[in-house]
Amino acid sequence: MRGFILDTVRVRDEDLIVRILTQDEVLTLYRFYGARHSYIYVGYHIDFIVEESPKATIKRLRNVTQLPFDFMFDMQKMLDFKTFVKLLNNHLRDVTKIDSFYYNLLKEITEKISKRDSKRLLIESYVKILKKEGRLHTENICFLCDEKISGKIALARAFLPSHEKCVMSDGFAKEKLDLLFNENKSLLFDEKEIMRLWKIINL
């Protein structure tokens with residue numbers, strides 16, 4: 001079985017509770033001496049076996065093999081990817097059964113990120129999640145005052161559109177957001193705007 005490590009929690013001295021995203025479920029497993037192993041980290045892609053024990057209340061994580069990324073030694077890309085995975089873990093905190101979309105999205109990111117700007121790719125991936133879940137608002141109506149937005153569009157958490165004055169934040173040009181939301185392309189944004197979008201995702 002293969003999956004992405006969403007979260008780890010240390011228990012006892014060196015054991016871990018490990019949360020893993022697979023194709024169709026989110027598993028919570030126990031790993032003996034997991035803290036000793038360099039491949040039990042958030043964001044890592046692993047091959048593993050789930051072991052059941054009649055005496056244990058939680059299944060065990062066994063025979064773990066790391067499936068390396070070609071960007072593993074690019075510290076900034078790895079940091080951005082781990083940040084995104086942590087956000088995804090929070091988003092899926094109450095989930096067990098899941099659509100394969102989320103696993104496939106992480107796999108797609110790992111295959112593209114070495115050749116892309118990591119934050120731009122992850123912003124585009126975040127938009128894909130909003131679309132998948134029906135939470136992407138493209139009608140340019142302020143979520144606070146319910147009035148039409150005619151100028152620049154400010155974004156709140158989950159990319160909710162608003163007037164700049166309503167959230168006290170600078171907005172983005174409509175054509176830039178249209179390209180991002182409709183075609184999943186961030187190329188019109190400059191680097192400062194990309195950093196602003198990244199901070200919004202991290203709210």
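How do the residues of the lining of the largest cavity divide into nonpolar, polar and charged? The legends below take up this question and others on a predicted model.

**View 1. The largest cavity and its lining.**
The structure holds one cavity of 30 Å³ or more. About 50 Å³ of space lies in the largest cavity. Its lining is made up of His 137, Asn 140, Ile 153, Pro 161, Lys 174, Leu 177, Asp 178 and Phe 181. Four of these lining residues are nonpolar, two are polar and two are charged. Helix α5, residues 174-183, gives the most to this lining, with four residues.

**View 2. Helix α5 and its packing.**
The helix that gives the most to the cavity lining also has buried residues. In α5 these are Lys 176, Leu 177, Leu 179, Leu 180 and Phe 181. Leu 177 and Phe 181 are buried and also line the largest cavity. The buried residues of α5 pack against three elements: α3, β6 (154-155) and α6. Asn 184 follows α5 and has a positive phi, near 55 degrees.

**View 3. Glu 193 in helix α6.**
Helix α6 includes Glu 193. Is Glu 193 buried or exposed? Glu 193 counts as buried because its relative accessibility is 10%, and the cut-off for buried is under 20%. Beyond its neighbours within four places in sequence, Glu 193 is in contact with Phe 172, Lys 176 and Leu 188. Of these contacts, Lys 176 is itself a buried residue of α5. Phe 73 is 120 residues from Glu 193 along the chain, and the C-alpha atoms of the two are separated by 26 Å.

**View 4. The largest pocket.**
The volume of the largest pocket is about 350 Å³. It is lined by 14 residues, and the closest to its centre are Leu 87, His 91, Tyr 126, Arg 157 and Ile 201. Which elements give two or more residues to the lining? They are α1 (75-91), α3 (118-132) and α6 (191-201). Helix α1 has the largest share, five residues. By class, the pocket lining has nine nonpolar, two polar and three charged residues.

**View 5. The largest nonpolar core, with Leu 21.**
The largest nonpolar core has 59 residues. Leu 21 and Phe 159 have the most contacts inside it. Helix α3 gives the most to this core, with seven residues. What does Leu 21 touch, not counting residues up to four places away in sequence? Its contacts include Arg 2, Gly 3, Phe 4 and Leu 6. Val 26, Leu 88, Leu 92 and Ile 98 are also touched by Leu 21. Tyr 102, Tyr 103 and Leu 106 complete the list.

**View 6. Strand β1 and its two partners.**
Strand β1 (residues 2-11) pairs with strand β2 (residues 15-21) in the antiparallel sense, over seven bridges. Val 9 has Ile 17 as its bridge partner in β2. The two strands form a hairpin with three residues between them. Arg 12, in the turn, has a positive phi of about 55 degrees. Strand β1 also pairs with strand β4 (residues 45-51), again in the antiparallel sense, over three bridges. Here Gly 3 has Ile 46 as its bridge partner in β4. Gly 3 is also among the residues that Leu 21 touches.

How values were computed. Residues numbered from 1 in each chain as written. Predicted model: local features only at pLDDT ≥ 70, side-chain atom pairs only at ≥ 80, totals over all residues. Heavy atoms only, no water. 1 Å grid on protein atoms, 1.4 Å probe; cavity = no way out; pocket = protein on both sides within 12 Å on 5 of 7 lines; lining within 4 Å. Points joined across faces, edges and corners; volume = space filled by probe spheres on them. Nonpolar A, V, L, I, M, F, W, Y, C, P; charged D, E, K, R; others polar. Buried < 20%, exposed > 50% of the residue type's maximum accessible area, 1.4 Å probe, protein only. Contact = heavy atoms within 4.5 Å. Core = buried A, V, L, I, M, F, W, Y, C linked by side-chain atoms within 4.5 Å. Pairing = 2+ DSSP bridges.
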